[in-house]
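Good morning, everyone, and thank you for making the time. I would like to walk you slowly through one helix and then through the packing around it, so please keep the picture in view as I speak.

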Amino acid sequence: MTNRLAGKVALITGAARGQGAAEARLFAAEGASVVVTDVRDDALGTLEKELLDSGATVLATRLDVTAEADWGRVVAETTDAFGQLNVLVNNAGILNMAGVEETSLELWNRIVSVNQTGVWLGMKYTIPAMRKTSGGSIVNVSSIYGLIGSGAAAAYQATKGAVRLLTKTAAVQYAPEGIRVNSLHPGVIDTGMVEEEVPADLMPALTAATPLGRRGKPEEIAYGALFLASDESSFATGSELVLDGGYTAQ
């Protein structure tokens with residue numbers, strides 16, 4: 001199947017690397033016009049060039065997901081460039097492994113502002129644009145650690161759990177308008193964020209705890225986002241798509 005997103009405009013946050021970049025490549029290959037956003041300007045420029053060279057229709061623009069003014073600007077740029085906005089992937093996120101007592105208030109607020117407030121702002125500013133096209137799809141990237149505990153990463157887990165329930169209440173609120181909202185729950189994935197923040201000596205245990213016996217690839221998460229973004233998931237809203245190699249099945 002090809003052109004699964006033909007005619008759609010998709011905005012992806014945290015798109016400069018990892019899962020976000022994989023989603024941007026796949027969405028473009030499936031016919032979407034993609035708006036790629038991040039605060040990593042150099043990496044975002046590299047992705048933009050790659051997508052343009054592949055023949056994709058792309059707009060790259062800086063977006064700090066914690067900044068309300070940035071969201072207003074980016075949505076305006078999107079609708080000015082493409083005339084519509086059909087899909088939002090709230091992918092941007094940060095991770096820290098500190099536990100409850102080890103987490104400072106400053107760190108807590110920083111993680112909440114990106115992982116939780118950023119998702120809410122994304123929905124708040126994109127839904128009015130989606131309403132003009134009588135529907136849309138929002139994919140909020142949570143985590144398996146929005147479903148289960150780990151004994152670490154207190155602020156990260158708190159925000160990912162919040163994203164799960166924020167997704168559900170938004171799904172109920174906007175279903176009458178044809179705007180679907182679903183959450184995506186990756187397991188342990190080979191990304192720069194994981195490599196940077198998860199201690200190397202912990203990785204073998206995480207891999208061993210995954211029944212498939214390996215870490216996931218960003219491209220495997222991108223296919224889940226593609227399904228939720230496309231009309232193939234037209235009866236799915238308020239749902240949780242778990243892609244974790246069986247981690248939470250135990």
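Let us begin with helix 3, residues 68-82 (helices, H or I of at least four residues, and strands, E of at least two, are DSSP runs numbered from the N terminus). At 1.5 Å a residue, counted for one less than its number of residues, its 15 residues should span 21 Å, and because the end C-alpha atoms are indeed 21 Å apart, the two values agree.

Before going on, I should say that this is a predicted model, in which local features need pLDDT of at least 70 and side-chain atom pairs count only at pLDDT 80 or more, while totals for chains, interfaces and linings use all residues. Residues are numbered from 1 along each chain as its sequence is written, and side-chain values use heavy atoms, with hydrogens and water left out.

Which residues of helix 3 are buried? They are D70, W71, V74, V75 and T78, where buried means under 20% relative accessible area, exposed over 50% and partly exposed in between, with a 1.4 Å probe and protein chains only. These residues cover an arc of only 125 degrees around the axis, which puts them on the same side of helix 3; the arc is that of the directions from the helix axis to the C-beta atoms. The face turned away from that buried side carries the exposed residues A69 and D80.

Among the elements covering the buried residues are strand 1, strand 4 and helix 4 (105-131), contact meaning heavy atoms within 4.5 Å. Just after helix 3, finally, G83 takes a positive phi of about 80 degrees.
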